[in-house]
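Me: I am a first-year student, and I would like to understand how the words used for a protein model follow from its numbers. Could you take me through the reasoning step by step?

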Amino acid sequence: GPNHTEERHAAMEKAFETKNYDAWKTLMAERGRVTQVVNAQNFAKFAKAHELAEQGRSVEANKIRAELGLGLQNGSGMGKGMGYGRTNR
């Protein structure tokens with residue numbers, strides 16, 4: 001995305017790995033609907049969806065996202081623009 005830098009990506013990955021909601025929220029800076037849905041109570045579940053997506057387990061990741069109320073735009077399953085810290089590689 002337009003705000004992607006290697007440094008931000010690394011910080012986002014660290015936030016997911018350590019399940020650090022506050023760091024993720026700061027990095028997101030109120031961008032996107034995901035910041036309205038994900039909170040301190042459900043961040044660990046959201047981080048698990050991110051981990052599953054990175055492992056290529058998109059069906060499981062999408063199930064968690066749906067449970068959280070995060071619909072998949074365009075059916076892409078990549079969370080484009082939704083703060084998953086994922087880049088097209």
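Reply: Let us begin with a term that we shall need at once: a residue is called buried when its relative accessible area is under 20%, exposed when it is over 50%, and partly exposed in between. Please keep in mind throughout that this is a predicted model.

Me: What makes Lys19 partly exposed?

Reply: The relative accessible area of Lys19 is 41%, and since partly exposed covers the range between 20% and 50%, Lys19 is therefore given that name. Lys19 sits in the loop between helix 1 and helix 2, and its phi is positive, at about 55°, although Lys19 is not a glycine.

Me: Why is a positive phi worth pointing out in a residue other than glycine?

Reply: Because most residues other than glycine have a negative phi. Another case here is Ala29, whose phi is near 50° and thus positive in a residue that is not glycine. Ala29 belongs to the loop between helix 2 and helix 3, and with a relative accessibility of 45% it counts as partly exposed.

Me: What is the overall pattern of the chain, read along the sequence?

Reply: The pattern is α-α-α-α-α, which agrees with a count of five helices and zero strands. Of the 89 residues in the chain, 39% count as buried.

Me: Why is helix 1 called roughly antiparallel to helix 2?

Reply: Helix 1, which covers residues 6–17, packs against helix 2 at an angle of about 150°, and their axes are 8 Å apart. Because an angle over 145 degrees counts as roughly antiparallel, the angle of this pair leads to that description. The residues that make the contact are Arg8, Ala11, Met12, Ala15 and Phe16 on the side of helix 1, and Ala23, Trp24, Leu27 and Met28 on the side of helix 2. Sorted by class, the residues of this contact are eight nonpolar, no polar and one charged. The crossing of the two helices, helix 1 and helix 2, is left-handed.

Me: How do you know that Ala11 is partly exposed rather than buried or exposed?

Reply: Ala11, a residue of helix 1, has a relative accessibility of 31%, and because the range for partly exposed lies between 20% and 50%, Ala11 counts as partly exposed. The C-alpha atoms of Ala11 and Trp24 are 8.3 Å apart, while the two residues are 13 apart in sequence.

Me: How do you know whether Trp24 is buried or exposed?

Reply: Trp24, which is found in helix 2, residues 21–28, has a relative accessibility of 0%. Because buried means under 20%, Trp24 counts as buried.

Me: Why is the pair of Trp24 and Phe46 given its name?

Reply: It helps to look at another pair beforehand, among the seven aromatic pairs that the structure holds. Trp24 and Phe43 have their ring centres 5.4 Å apart and an angle of 40° between the planes, and the pair is called tilted. That term applies because 40° is neither under 30 degrees, which would be stacked, nor over 60, which would be edge-to-face. For Trp24 and Phe46, the centres are 5.4 Å apart and the planes stand at 65°, so this pair is edge-to-face. The latter pair links distant parts of the chain, with Trp24 in helix 2 and Phe46 in helix 4, 22 residues apart. Both partners of Trp24 can be judged by the same cut-off for buried, under 20%: Phe43 counts as buried at 1% relative accessibility, and Phe46 is buried at 0%. Ring pairs join Phe16, Tyr21, Trp24, Phe43 and Phe46 into a cluster.

Me: What makes helix 4 and helix 5 roughly antiparallel?

Reply: Helix 4, residues 43–54, and helix 5, residues 58–68, pack at an angle of about 155°, with their axes 8 Å apart. As the cut-off is over 145 degrees, the two helices are therefore roughly antiparallel to each other. Their contact is made by Lys45, Phe46, Lys48, Ala49, Leu52 and Ala53 of helix 4, together with Glu60, Ala61, Ile64, Arg65, Glu67 and Leu68 of helix 5. By class, this contact of helix 4 with helix 5 has seven nonpolar, no polar and five charged residues.

Definitions and conventions:
Residues numbered from 1 in each chain as written. Predicted model: local features only at pLDDT ≥ 70, side-chain atom pairs only at ≥ 80, totals over all residues. Heavy atoms only, no water. Axes fitted to C-alpha atoms, helices over the stretch in contact; angles between N-to-C directions. Helix = DSSP H or I, 4+ residues; strand = E, 2+ residues; numbered from the N terminus. Parallel < 35°, antiparallel > 145°, perpendicular 65-115°, else oblique. Contact = heavy atoms within 4.5 Å. Nonpolar A, V, L, I, M, F, W, Y, C, P; charged D, E, K, R; others polar. Buried < 20%, exposed > 50% of the residue type's maximum accessible area, 1.4 Å probe, protein only. Phe/Tyr/Trp six-rings, centres within 6.5 Å; stacked < 30°, edge-to-face > 60°. Left-handed = near helix turned anticlockwise from the far one by under 90°.
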